[in-house]
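Reader: Please take a close look at one part of this model, the salt bridges. I would like the partners, the distances and the burial of each side chain.

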Amino acid sequence: MPHTVTEPTRVKAPFDVMRLRQDFPILAREVHGKPLIYLDNAATSQTPQSVIDVFSDYYSRYNANIHRGLHTLADEATAAFEGTRHRVKEFLNAEDARQVIFTRGTTEAINLVVQSWGRQHLASGDEVLISMLEHHSNIVPWQLLAAEIGFTIKVIPVEANGALDMAAYRALLSERTQLVAVNHVSNAFGTINPVQEMAALAHQYGALILIDGAQAAPHQVVDVQAIDADFYAFSGHKVYGPTGVGVLYGKQALLEAMPPWQGGGEMIQSVSFDAGTTFAAIPHKFEAGTPAIAEVIALGKALEWVESVGITAIGAWEGRLLDHATQAVSCIDGLRILGTAPQKAGVLSFVVDGAHSQDIGLLIDQLGVAIRTGHHCAQPLLAHFGVDATCRASFAAYNTLEEVDHFIEALNRVIGMVR
Ligand code: PMP
């Protein structure tokens, strides 16, 4: 029997997990002779057939470089590429499609802000606030620039349950704060951060906020205007799309005032040896060179798929899976969950007494279950909690309650083997 969750806010077909699983060919495969149970969705989500089909369709029918082309194939490719920009605008509720810049992913989107806005605005004595929950991609780019320029990075601490310490955040904000860079949802613990409230507080001090939405975009409604985000980044491959493409949203006036960070074709208005170079308007100013055309078009298809299911329904379903898994693992002797904040997305991070996370990951793979083990690119967070690795199960729209049960059964077997 399919499990059903009815999406409360939109009139759509009921959430039918068994039906939507059929959109994902990879879910039919076996691993070590066992049906695949894929619980590594926070690292990358699987891809529906409609998204996979974009690649053969694009390369067999209308492969051409975009913009400036005067032939039919170039027109078709440009229209499909720019169509995704409009879809992303709707997905994020941006004011204008020109505020959507295509990047290689969240990492590149953050680096764009660091290298363009950061270089232009930051000076010695300034402060950038990041949080203890950050992925390395929202730490290291700031460290690289700080080493050159000499501004200070301050870290918002977390509470014992993995929620951000909001009192400490308030105390850290000051006239010196130029920008706050935080994730919307933590990939390591699943904590959902109160980004709207954080944005309002940052703005009181005249600071900007950059939100890393890599783990939020696949699971909940993102409304950049309601959040009042200055910058918002996400990756295609975590939202049922392909690798190699992501998005940076920025407020229009900010983007217009920022210098380009990479030079080349596509991003210029005119180039002259004598008179110098003038730059294209946004978004093209930030999209030097030939972009990942098929990937961008495929991202549009992925967002279409998400829309057809309903992001609210997806988040509600993953919440059920998380609750079920959390209850079940809580009965396992010696297992400790890291990240028990009241507001969480579908991420379950844990360690087990007497069992190394890596051993659990390797052995559970033999039973067909894919989870992630390691530091999840959040070494400072794990070090703060006194561990160097955790096991992490993370859920997507296509996971089932039965899969969670199999995962728990497999986990119990594996723990029995290694202890
Ligand atoms: N931020 C968060 C919270 C993430 O989970 C990830 C991916 N694990 C990234 C940033 C980096 O995303 P990408 O590798 O797609 O650039």
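Author: The model is a predicted one, and it holds 18 salt bridges. Three pairs and one network are described here.

Glu82 and Arg85 form a salt bridge in which the closest N and O atoms are 2.7 Å apart. Both belong to helix H3 (residues 72–92); because they are three residues apart there, about one helical turn separates them. Glu82 has a relative accessibility of 18%, and since the cut-off for buried is under 20%, Glu82 counts as buried. Arg85 is buried as well, at 2% relative accessibility.

A second salt bridge is formed by Glu127 and Lys154, with 3.4 Å between the closest N and O atoms. This pair links distant parts of the chain: Glu127 is in strand S7 (residues 127–131) and Lys154 is in strand S8 (residues 152–156), 27 residues apart. Burial is uneven here. Glu127 has a relative accessible area of 5% and is buried, whereas Lys154, with 29%, is partly exposed.

In a third case, the side chains of Glu197 and Arg170 meet at 3.2 Å, N to O. Glu197 is part of helix H7 (residues 195–204) and Arg170 is part of helix H6 (residues 166–172), so the salt bridge ties together parts that are 27 residues apart in sequence. Glu197 counts as partly exposed at 36% relative accessibility, and Arg170 counts as partly exposed at 40%.

Finally, there is a network: salt bridges link Asp40, Arg372 and Arg392.

How values were computed:
Residues numbered from 1 in each chain as written. Predicted model: local features only at pLDDT ≥ 70, side-chain atom pairs only at ≥ 80, totals over all residues. Heavy atoms only, no water. Salt bridge = Lys/Arg side-chain N within 4 Å of Asp/Glu carboxyl O. Helix = DSSP H or I, 4+ residues; strand = E, 2+ residues; numbered from the N terminus. Buried < 20%, exposed > 50% of the residue type's maximum accessible area, 1.4 Å probe, protein only.
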